[in-house]
Structures are given as structure tokens and as C-alpha cells.
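Trainee: I have a protein model open on my screen and I'd like to learn how to read it. Can we go through it together?

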Amino acid sequence: MSSSAAVATAGGLLSEAERRTLQSVCETLLPALRPEAGDAPDLFALAASSLDVAAEVERVAGGLRGEQQADLSRLLRLLGQPACMLLLVGRVRAFPGLPPSRRERALLAMATSRWEPLRTGFQVLKRLATCLFYSVCPAGGDNPAWAAIGYARSANPPPEAARLQCETGSDPDIEVRIAFIDPAGKRSKETMLEFPSGERRKQFELLSKSISMP
């Protein structure tokens, strides 16, 4: 495989090796568990792989800035290095090749590492994976964890978005007033912008094209 193909395959953000590491991290953070008395069997049977959380993390990461995407790739490549796991858990194997108990120890070691990038990387992966685990809706339906935690999708229609209104101010040569208009027609949060007289008309026209006019 060429170096460019190794960086990202099938149009994705991550290489295949990085993707395997991310899948292992997500599965370690959110594994299926054996329920005990009082536990919800349906919830405990779910794992990160049940909701394809790793793919969702990669999709969300695709909207990050370039340097943030590079940081994620570097972190996953680091976890895929046997030397890194030797330092974290005393095993010369890449993260995906470790048994579950060792992967858990590796993540705990990241969480308490003296090296700030490892601590930050752990928090990013943990929070993003957990958030997506409880919010992903397969095929546009409900998340399968919702019923077990007592959450139900609201039956109310989504609120109408507030619109913006653009008009000239009291001095039409230099002032443009921007106002938020809520769905009920109430005017609020007015902002006055001032431009040099030679720029006012051009700026007003640009603003008028980019927002809703009354």
C-alpha cells in the first residue's frame, strides 16, 4: 500500500491500522457486560460495536480542524506501537492485540499519565465515544440505550429558527442595524454596525444577501 493510501483509505480520515486501534479503544471503553441483579439486560448487552461508535467518532473527527485531525491520527498511531504499550502496561504488543484487561490498564495509564497529550487524548476519546454511544440513532430510529435509561424522544415539533433582519440605521450613510426576529415575530438582540460611508452600501448589500430580509 502506498504512503498516501496508508494515511486514509476508502476516502476516510484514518488509515486501516488507526481505525482498528480506534475500534479497540471504543470497545474497551464501552464493552458489553454481564448484567447483575437490578441491571438492565438490554443496556448491558450493548457495546460500542453494536452502534458502530468508532465509525461515528471518525465521522465527527472529519469536521475538526486539520491540526486536530492530525493529533487524533498521531495518538492512534502511538497506541498502535508495541513500544508504547511496553511503557504503559509492560507488554510489547499494539493496543488492539492486548487482552481486554490489559487494554483497560493501558487506558487507565493514559488517564493518569504525566505526559499531558496522553491525558488529553484519553479524555477526548472517552467523552466523544460515550456521548455518541448514547446519541447515535441507527437508521434514523431511536438509540437502543434510551429505553433502558428511561429517555424518550420528544414528541414536540422542532422549534422554528429565529431569523435575522437587516436594515439601515438612523444614519443611512454609515449605519446598518441587525436584529434577531423570533418565531413569534418579537424583535430582540439588536446590533448596530457602523461602516465608513464609502463601504456602507457594499456591506449592506452583502449582509442583505446572507440573512433573511423582512
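Trainee: Is Glu58 buried or exposed?

Mentor: Keep in mind that we're looking at a predicted model. To sort a residue, you check its relative accessible area, and anything under 20% is called buried. Glu58 comes in at 10%, so it counts as buried.

Trainee: Where is Glu58 found, and which residues does Glu58 touch?

Mentor: You'll find Glu58 in helix H4. Leaving out residues up to four places away in sequence, Glu58 touches Gly12, Leu13, Leu14, Arg19 and Leu22.

Trainee: Which other residues of H4 are buried?

Mentor: Alongside Glu58, the buried set in H4 has Val53, Ala54, Val57 and Ala61. Now picture looking down the helix axis and asking how far around the circle they spread. They cover an arc of only 145 degrees, which puts them on the same side of H4.

Trainee: And what covers the buried residues of H4?

Mentor: The cover includes H2, H5 and H8.

Trainee: Let me try H5, then. How buried is Ser73?

Mentor: Ser73 is found in helix H5. Its relative accessibility is 10%, so by the cut-off we used it counts as buried. Skipping residues up to four places away in sequence, Ser73 touches Leu14 and Glu18. Leu14 is also one of the residues that Glu58 touches.

Trainee: How do I read the length of a helix? Take H8: how far does it reach?

Mentor: You compare the distance between its end C-alpha atoms with what you'd expect at 1.5 Å a residue. H8 runs over residues 116-133, which makes 18 residues. From first C-alpha to last it reaches 26 Å, close to the expected 26 Å.

Trainee: Which residues of H8 are buried?

Mentor: Those are Leu118, Gly121, Phe122, Leu125, Ala129, Leu132 and Phe133. The arc trick works here too: they cover only 125 degrees around the axis, which puts them on the same side of H8. Among the elements covering them are helix H2 (16-29), helix H4 (53-61), helix H5 (66-79), helix H6 (82-89) and helix H7 (100-111).

Trainee: H6 is on that list. Which of its residues are buried?

Mentor: In H6 they are Cys84, Met85, Leu88 and Val89. Looking down the axis, you'd see these buried residues within an arc of 100 degrees, so they line one face of H6. They pack against H5, H7 and H8.

Trainee: What does the face turned away from the buried side of H6 carry?

Mentor: There you'll see the exposed residues Ala83 and Leu87. Also look just after H6, where Gly90 takes a positive phi of about 75 degrees.

Trainee: What about aromatic rings? How many aromatic pairs are there?

Mentor: To call a pair, you check that the ring centres lie within 6.5 Å, and planes over 60 degrees apart make it edge-to-face. The count here is two aromatic pairs. In one, the rings of Phe133 and Tyr134 have centres 4.9 Å apart and planes at 85 degrees, so they're edge-to-face. Phe133 is buried at 4% relative accessibility, while Tyr134 is partly exposed at 33%.

Trainee: At what angle are the planes of Trp146 and Tyr151?

Mentor: Their planes are at 70 degrees with the centres 4.9 Å apart, so this pair is edge-to-face. Trp146 is buried, with 9% relative accessibility, and Tyr151 is partly exposed, with 46%.

Trainee: How many disulfides does a search of the whole structure find?

Mentor: Zero. You can still check cysteines for burial: Cys26 is buried at 2% relative accessibility, whereas Cys137 is partly exposed at 28%.

Trainee: Let's zoom out. How many helices and strands does the protein have?

Mentor: Ten helices and three strands. Along the sequence, the pattern reads α-α-α-α-α-α-α-α-α-β-β-β-α.

Trainee: And how much of the protein is buried?

Mentor: Of its 214 residues, 31% count as buried. As for the outside, the protein exposes about 13,200 Å², with carbon and sulfur atoms supplying 55% of that area.

Trainee: One last thing: what share of contacts comes from residues 24 or more positions apart?

Mentor: Take the contacts with a separation of 6 or more: residues 24 or more positions apart account for 42% of them.

Technical notes. Residues are numbered from 1 along each chain as its sequence is written. This is a predicted model: local features need pLDDT of at least 70, side-chain atom pairs count only at pLDDT 80 or more; totals for chains, interfaces and linings use all residues. Side-chain values use heavy atoms; hydrogens and water are left out. Rings of Phe, Tyr and Trp (its six-membered ring) pair if their centres lie within 6.5 Å; planes under 30 degrees apart count as stacked, over 60 as edge-to-face and the rest as tilted. Buried means under 20% relative accessible area, exposed over 50%, partly exposed in between (1.4 Å probe, protein chains only). A disulfide is a pair of cysteine sulfur atoms within 2.5 Å. Helices (H or I, at least four residues) and strands (E, at least two) are DSSP runs, numbered from the N terminus. The expected span of a helix is 1.5 Å times one less than its number of residues. The arc is that of the directions from the helix axis to the C-beta atoms. Contact means heavy atoms within 4.5 Å. Accessible areas come from the Shrake-Rupley method with a 1.4 Å probe; for residues, only the protein chains shown count as cover.
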